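Here is a walk through a structure, one region at a time. Have a look at the sequence and the fold before reading on.

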Amino acid sequence: MFLKLSLRAVFLGAGGGNDIQWCFSQVKGAVDDDVAEADIISTVEFNHSGELLATGDKGGRVVIFQQEQENKTQTHSRGEYNVYSTFQSHEPEFDYLKSLEIEEKINKIRWLPQKNAAQFLLSTNDKTIKLWKISERDKRPEGYNLKEEDGRYRDPTTVTTLRVPVFRPMDLMVEASPRRIFANAHTYHINSISINSDYETYLSADDLRINLWHLEITDRSFNIVDIKPANMEELTEVITAAEFHPNSCNTFVYSSSKGTIRLCDMRASALCDRHSKLFEEPEDPSNRSFFSEIISSISDVKFSHSGRYMMTRDYLSVKIWDLNMENRPVETYQVHEYLRSKLCSLYENDCIFDKFECCWNGSDSVVMTGSYNNFFRMFDRNTKRDITLEASRENNKPRTVLKPRKVCASGKRKKDEISVDSLDFNKKILHTAWHPKENIIAVATTNNLYIFQDKVN
Amino acid sequence: MEFKLEAHRIVSISLGKIYNSRVQRGGIKLHKNLLVSLVLRSARQVYLSDPCLGGPGVGGPPQPPPAQEQLPGEPAPGWGEPHARDSSMEQDPEPAGAAPEPPALPLALGKRSLEGSPLLRAEAVPEAPRRRVEAAERGGGGGEGALEGPPRARQCCCRRLCCSPHGAPRADCGCRPRPDDGAPPPPVCPRKRSASGAGGGPAGCLASGGSPVKKPRRDSEEQPGDEEEMETGNVANLITIFGSSFSGLLRKSPGGGREDEDGEEEEEEPQRGPEAAEPGPMYCDKPVLRNLNPWSTAIVAF
């Protein structure tokens with residue numbers, strides 16, 4: 001008995017992608033197969049405690065889910081996530097000078113650490129970043145002398161006695177209000193925002209420039225990286241993602257469309273055009289094709305929680321880099337290598353330009369990223385095992401354990417395997433998030449948000 | 001030959017993407033267009049350096065170009081005229097220096113292309129500095145396809161039906177099989193032209209034809225305010241250029257369903273007026289393309 005308990009403890013505590021049994025928990029969003037474009041989820045992010053889960057969509061809306069407090073009687077699962085607040089963060093705009101429409105799609109959401117009762121997050125579209133305050137109101141003043149309860153003003157001459165208004169409880173109301181708007185600093189499309197560990201500043205990155213902001217100051221930002229060539233005809237690469245180091249407030253990285261990552265130190269100079277470190281893996285010449293450049297473009301970069309490693313995602317793989325070693329990654333995981341022979345088709349249908357994100361689990365032992373056919377992949381760095389799971393409404397009984405999936409690249413397809421040609425490339429998982437402390441993951445399909453938990457039993 | 005067909009197809013797909021990106025919501029996406037132009041460049045280089053199509057000098061390992069010839073520009077002489085109508089086009093002070101000419105001139109240049117370099121030179125000029133840098137970096141351009149051979153001249157072997165549609169060159173073809181360094185060379189920067197000051201948009205592309213000799217580095221002449229515009233107008237120019245080239249191509253070669261659609265689409269645009277009026281630019285390539293096009297639709301993609 002003792003042995004059995006200790007084994008189970010090992011399983012639950014390992015955090016391994018394969019040792020964990022992932023179960024369906026919830027799915028949010030319309031059941032409709034006909035997806036409205038505005039409902040397409042464009043970003044997913046847990047807050048620092050994991051209690052709140054925010055999503056942004058193409059229609060410019062932000063939806064925040066809150067985890068229920070754990071019910072002591074319900075030991076089988078952790079609290080469910082329910083809608084906490086919904087608000088319109090960005091609206092479509094039109095730049096009349098350039099005759100350009102500015103999409104309202106939310107590109108990124110980043111939470112600030114909580115300092116008081118209210119929650120703060122940054123949300124950005126292509127051009128403008130906004131700081132939102134989300135606060136709760138659960139009481140209201142009652143008993144005004146000059147106002148009726150319904151708000152109408154009383155005739156002062158009818159007032160005969162005075163009373164002091166008091167706060168009375170009311171139904172919880174969650175309000176979101178924009179506290180700062182950081183606009184007009186980006187000529188190109190913003191792809192990343194990242195909050196500094198000093199919790200006072202943050203960076204925003206577009207295709208060619210990175211700006212440093214102070215959260216309190218909206219009319220000024222400092223340009224810290226500028227890779228725009230004097231002659232645009234000489235443009236060879238763009239910035240694809242940027243992030244501050246989780247612990248060193250002077251350090252940040254940015255990735256490029258050429259597959260390189262540059263680490264910069266803001267103490268070195270005001271303009272960090274010269275990197276402190278350049279991370280690049282030489283290309284394998286045997287894999288050269290027309291599309292080599294495209295598939296080496298990095299779509300996401302994320303530091304580990306420890307700050308010792310960073311992970312990059314390119315079209316076919318996930319790479320883990322040790323910050324102390326620049327010439328190659330320490331680990332490489334193939335996400336869907338079977339697509340390498342299909343690059344031409346994927347170029348034609350634009351799938352090759354899909355920007356997949358990646359994420360770490362709380363202990364930095366497992367990494368996760370999305371793929372096609374609503375598959376997502378996890379790689380356990382310790383056991384070197386990987387697993388492919390599917391986000392599908394077919395498995396939507398709570399606590400149903402997800403069955404691992406397998407794609408058959410070529411040759412005889414075994415039972416339960418799916419052949420490459422029957423993959424649905426319209427069903428892509430670009431955005432995933434892992435709870436900072438627990439084994440709870442949020443996986444976004446086109447317009448649905450799936451929440452999975454490990455089996456607690 | 002198969003590489004050539006695939007390259008041809010990829011070029012047409014890429015052009016379609018660049019064209020469509022103009023009407024996308026949210027404006028032209030720089031990253032995607034950069035990647036597409038890199039693919040376009042690679043495919044074009046493969047296409048041009050394939051011995052089945054090239055002239056006598058093109059077979060075998062790529063050779064350094066003649067000294068005065070700058071690097072190849074647009075897909076092929078036959079793919080259309082240099083974008084003479086685009087007066088906002090960047091020019092460099094190259095000896096080749098053929099600035100955007102008024103429409104009449106391309107015809108003349110087209111004729112001269114039969115002798116070799118000048119047409120390509122004209123087309124190539126905007127890219128010259130980049131390519132030269134690339135060549136220098138690779139230690140002088142003998143490298144993998146950095147430099148394409150002399151322009152395809154009239155002595156196109158395909159004119160002699162040397163390369164059969166079935167892909168196997170005939171024994172008497174004279175085209176040396178190209179060692180498959182198949183890997184397209186590392187791309188140079190995409191062909192981008194700065195917009196005529198006012199940013200992107202089709203209207204900006206076709207500013208009235210400038211004088212034949214164009215000042216270089218229009219960028220430096222722009223107001224500081226202009227620099228901060230999202231410089232994707234040059235991508236729009238690229239589309240105009242390719243678009244006109246393509247419609248010229250398609251007028252001569254009615255094969256290829258997909259390409260037809262693109263061509264028609266482009267021809268309808270009012271801005272295409274000047275291009276539409278241009279005389280057919282192709283000489284040696286017509287028969288080549290006639291041979292090619294029916295097959296481009298029959299390509300096995302992989």
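In chain A of this predicted model, a hairpin of 4 residues takes strand 31 into strand 32. Strands here are DSSP runs of E with at least two residues, helices are runs of H or I with at least four residues, and both are numbered from the N terminus. Strand 31 (residues 440-444) of chain A and strand 32 of chain A run antiparallel and share 5 bridges; two strands count as paired if DSSP finds at least two bridges between them. One pair of bridge partners there is Ala444(A) and Leu449(A).

Strand 32 of chain A also pairs with strand 1 (residues 22-28) of chain A, again antiparallel, over 6 bridges. Look for Gln26(A) across from Ile451(A) in that pairing. Is strand 32 (residues 449-454) of chain A mostly covered or uncovered? It's mostly covered, with 6 of its 6 residues buried. Buried stands for under 20% relative accessible area, exposed for over 50% and partly exposed for anything in between, using a 1.4 Å probe and protein chains only. In a regular strand, side chains alternate between the two faces of the sheet. Here Leu449(A), Ile451(A) and Gln453(A) point one way and Tyr450(A), Phe452(A) and Asp454(A) the other, all of them buried.

A word on bookkeeping: residues count from 1 along each chain as its sequence is written, while chains are lettered from A and ligands numbered from 1 in the order in which they are written. In this predicted model, local features need pLDDT of at least 70 and side-chain atom pairs count only at pLDDT 80 or more, whereas totals for chains, interfaces and linings use all residues, and side-chain values use heavy atoms, with hydrogens and water left out.

Zooming out, chain A comes to 3 helices and 32 strands. Of its 457 residues, 52% are buried. Contacts (heavy atoms within 4.5 Å) between residues 24 or more positions apart make up 55% of those in chain A with a separation of 6 or more.

Two open sheets of chain A go side by side in this table.

| Strand order (chain A) | Pairing | Edge strands | Average turn between neighbours |
|---|---|---|---|
| 20-21-22-23 | antiparallel | strand 20 (300-303), strand 23 (331-334) | 15 degrees |
| 24-25-26-27 | antiparallel | strand 24 (358-360), strand 27 (386-390) | 20 degrees |

Those turns ignore direction; the axes are lines fitted to C-alpha atoms, for helices over the stretch in contact, and angles between N-to-C directions run from 0 to 180 degrees. Strand 24 and strand 27 of chain A each have a single partner strand, so one side of each is left without a neighbour in the sheet. In the sheet that starts with strand 20, that strand is joined to strand 21 (residues 309-313) of chain A by 4 bridges, and Val301(A) sits opposite Thr312(A). In the other, strand 25 (residues 366-370) and strand 26 (residues 375-380) of chain A pair over 5 bridges, with Met368(A) partnering Met378(A).

Now for the inside. The largest nonpolar core has 39 residues, and Phe291(A), Tyr315(A), Leu339(A), Tyr347(A) and Ile352(A) make the most contacts within it. Such a core is a set of buried Ala, Val, Leu, Ile, Met, Phe, Trp, Tyr and Cys residues joined through side-chain atoms within 4.5 Å. Which elements each supply at least two residues of this core? They are helix 2 (292-296) and helix 3 (343-348) of chain A, plus helix 1 (2-21) and helix 2 (30-49) of chain B. Helix 2 of chain B brings the largest share, 9 residues. A second, separate core has 18 residues, including Val366(A), Leu389(A), Ile429(A) and Trp434(A).

Leaving aside residues up to four places away in sequence, Tyr315(A) touches Ile295(A), His336(A), Leu339(A) and Phe356(A), among others.

Finally, two loop residues stand out in their backbone. Most residues other than glycine have a negative phi. Ser99(A), though, has a positive phi near 55 degrees, in the loop between strand 6 (93-95) and strand 7 (100-102) of chain A; its 54% relative accessibility makes Ser99(A) exposed. Asp416(A) has a positive phi near 75 degrees and is partly exposed at 45% relative accessibility.
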